[in-house]
Amino acid sequence: MVDWLGDTEGKPAPEPLSRVQALVNTLDLESGSDRLARADDAEPWLRSQGLLPPGDAVTPGELSDVREVREALRALLVHNAGGPAPPSQELHPLSRVADAATARVRLSADGAVEVAADADSLPGRLLSLLLIVSEAQRAGTWAKLKACGNEKCRWAFYDRSRNHGGTWCDMATCGNKLKNREFRARRRG
Ligand SMILES: [Zn+2]
């Protein structure tokens with residue numbers, strides 16, 4: 001069993017937004033360890049997230065699509081943290097999913113209306129993540145899912161601070177590390 005950093009989130013998002021956070025945090029930029037780099041690492045995780053049907057294998061092309069979607073989502077989380085809005089080119093993997101997949105509206109017996117992606121394909125399964133984003137945007141939870149302000153880190157964290165001004169995945173590591181670096185730079189300058 002390999003331990004992955006994303007298995008123990010210090011600042012977890014509420015369900016189901018945590019699924020978006022989990023995807024973004026399959027890559028640890030600092031160490032370079034990427035859970036979606038190889039099919040044998042990726043497949044159990046994709047299955048556990050409902051992104052791969054049980055028994056199915058993922059092709060290298062599909063895996064690369066998922067990684068691209070992951071980085072487009074990360075770009076949005078940088079924006080949530082106060083960074084610039086990503087150029088449309090960076091969001092292309094997400095619009096590709098939106099264009100390729102369809103969703104259905106279902107009416108349950110008690111009158112609840114649900115929108116669900118047609119989940120028999122990978123774009124459909126990825127579209128379910130976009131539907132989670134859509135719901136979180138309406139609920140106001142989306143803006144609190146942010147990428148860490150340390151550009152070498154960019155770990156996705158859920159900002160539960162009272163003024164929603166959180167900047168770091170973890171103050172003790174990224175916050176202080178960066179602060180010390182800036183402090184040293186100022187002293188040198
Ligand atoms: Zn960080």
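These exercises walk through a predicted model, each with a worked solution.

Residues are numbered from 1 along each chain as its sequence is written. Local features need pLDDT of at least 70 and side-chain atom pairs pLDDT 80 or more, while totals for chains, interfaces and linings use all residues, and side-chain values use heavy atoms, with hydrogens and water left out.

**Exercise 1. The overall fold**

Work out how many helices and strands the protein has, and in which pattern they follow along the sequence.

*Solution.*
- Start with the count: there are 6 helices and 6 strands. Here helices (H or I, at least four residues) and strands (E, at least two) are DSSP runs, numbered from the N terminus.
- Now read along the sequence, and you get α-β-β-α-α-α-β-β-α-β-β-α.
- For overall dimensions, the C-alpha trace spans about 65 × 40 × 35 Å along its principal axes.
- Next, check the radius of gyration: the protein has 18 Å, which agrees with the value near 16 Å for a compact globule with 189 residues. That radius is taken over C-alpha atoms, and the globule rule is 2.2 Å times the number of residues to the power 0.38.
- Finally, burial: 39% of the 189 residues are buried. Buried means under 20% relative accessible area, exposed over 50%, and partly exposed in between (1.4 Å probe, protein chains only).

**Exercise 2. The zinc site**

Find which residues coordinate the zinc ion, and say what the site's geometry is.

*Solution.*
- Look for the donors, which are N, O and S atoms within 2.8 Å of the metal (3.2 Å for Na, K and Ca); water is not among the atoms, so sites may look incomplete. You'll find the SG atoms of Cys148, Cys153, Cys169 and Cys174, at 2.3 Å.
- Check the angles: they run from 102 to 117° among the 4 donor atoms, so the site is tetrahedral. Four donors earn that label if all angles lie between 85 and 135 degrees.
- In sequence, the spacing of the donor residues reads C-x4-C-x15-C-x4-C.
- Cysteine 153 sits in the loop between β5 and β6 and cysteine 174 in helix α6 (residues 171-188), so this pair ties together parts 21 residues apart in sequence.
- On burial, cysteine 153 has a relative accessible area of 6% and cysteine 174 one of 1%, so both count as buried.

**Exercise 3. A buried arginine next door in sequence**

Say where arginine 154 lies, and which side chain of opposite charge is nearest to it.

*Solution.*
- Arginine 154 is in the loop between β5 (145-147) and β6 (156-158).
- It is buried yet has no salt bridge; glutamate 151 is the nearest side chain of opposite charge, 4.5 Å away. A salt bridge needs a side-chain nitrogen of Lys or Arg within 4 Å of a carboxyl oxygen of Asp or Glu. For charge, Lys and Arg count as positive and Asp and Glu as negative, while His and the chain ends are not counted.
- Now list its contacts (heavy atoms within 4.5 Å). Leaving aside neighbours within four places in sequence, arginine 154 is in contact with Leu29, Arg74, Val78, Ala147, Cys148 and Gly149.

**Exercise 4. Salt bridges**

Compare where the partners lie for arginine 74 with glutamate 71 and for aspartate 65 with arginine 96.

*Solution.*
- The structure holds 11 salt bridges.
- In the bridge of arginine 74 with glutamate 71, the closest N and O atoms are 2.7 Å apart. Both residues lie in helix α3, 3 residues apart, about one turn of the helix.
- Arginine 74 is buried at 4% relative accessibility, whereas glutamate 71 is partly exposed at 30%.
- Widen the view and Asp34, Arg70, Glu71 and Arg74 turn out to be linked in a network of salt bridges.
- Now the other pair: aspartate 65 and arginine 96 meet at 3.7 Å, N to O. This one links distant parts of the chain, from helix α3 to helix α4, 31 residues apart.

**Exercise 5. Two buried valines**

Locate valine 97 and valine 133, and list what they touch.

*Solution.*
- Valine 97 is in helix α4 (residues 88-100) and is buried at 7% relative accessibility.
- Beyond four places in sequence, valine 97 is in contact with Val69, Pro123, Leu126, Leu127 and Leu130.
- Valine 133 belongs to helix α5 (residues 122-139), and is buried at 6%.
- With residues up to four places away not counted, valine 133 touches Val20, Leu73 and Trp142.

How values were computed. Four donors count as tetrahedral if all angles lie between 85 and 135 degrees; four count as square planar and six as octahedral if opposite donors are over 155 degrees apart and all others between 65 and 115; anything else is irregular.
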